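Let's take a look at the empty spaces in this protein, one closed off and one open. Have the structure open as you read.

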Amino acid sequence: MPHLLITDDEPTIRELLAEIAVGEGYTVAVAANIRQARIEIERQRPDMVLLDMMLPKRSGFLVLEKIKTLQNPPRVVMVTANEGKRHQQYAEALGVDGYLLKPARLERLITLSRDLLGA
């Protein structure tokens with residue numbers, strides 16, 4: 001069963017995405033900020049991280065940079081309300097596996113997750 005870490009500072013979004021992921025057969029952990037995300041990544045080594053770009057006090061790019069330095073890093077899908085191409089290009093340069101704009105269509109998120117995890 002794939003393990004997913006959902007990192008978003010909005011509780012409603014975390015809860016909704018966690019509920020959907022569990023319904024799709026994932027085990028789920030959640031994080032509201034970068035510190036919690038780092039702890040969960042080190043402790044649980046998720047298969048995939050759903051990562052909000054705009055987190056309190058720091059950018060999700062910092063989490064992405066840290067993840068991509070790990071041996072056998074999890075897949076990372078960055079989700080953002082920022083429509084600027086510059087941010088997407090930067091995320092891609094850092095090695096992001098997927099990039100979705102909020103509000104992301106749930107079907108697209110599920111399909112992307114399955115494709116990335118081979119599920």
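## What surrounds the cavity

Start with the largest cavity: α1, β3 and α5 each put at least two residues into its lining. Keep in mind that this is a predicted model, and the cavity is read from that model. Its volume comes to about 100 Å³, and the count of cavities of 30 Å³ or more is one.

Who's in the lining? Going along the chain, you'll meet L4, L17, I20, A21, E24 and Y26, then M48 and L50, and finally L109, I110 and S113. Sorted by character, that lining has nine nonpolar residues, one polar and one charged.

## Over to the pocket

Now for the open space. The largest pocket has a volume of about 220 Å³, and 15 residues line it. If you want to find its centre, look for I13, L17, V79, K102 and A104, the lining residues that lie nearest to it. L17 may ring a bell, as this residue also lines the largest cavity.

Which elements supply at least two residues each to the lining of the largest pocket? They are β1 (3-7), α1 (11-23), β3 (48-52) and α5 (106-117). Of the contributors, α1 gives the most, with four residues.

## The pocket's character

What kinds of residues make up the lining of the largest pocket? Ten are nonpolar, two are polar and three are charged.

Note on methods
Residues are numbered from 1 along each chain as its sequence is written. This is a predicted model: local features need pLDDT of at least 70, side-chain atom pairs count only at pLDDT 80 or more; totals for chains, interfaces and linings use all residues. Side-chain values use heavy atoms; hydrogens and water are left out. On a 1 Å grid over the protein atoms alone, a cavity is a set of points where a 1.4 Å probe fits but cannot get out, and a pocket is an open set with protein on both sides within 12 Å along at least five of seven lines; lining residues have an atom within 4 Å of a point. Grid points are joined across faces, edges and corners, and a volume is the space filled by probe spheres set on the points. Ala, Val, Leu, Ile, Met, Phe, Trp, Tyr, Cys and Pro count as nonpolar, Asp, Glu, Lys and Arg as charged, and the others, Gly among them, as polar.
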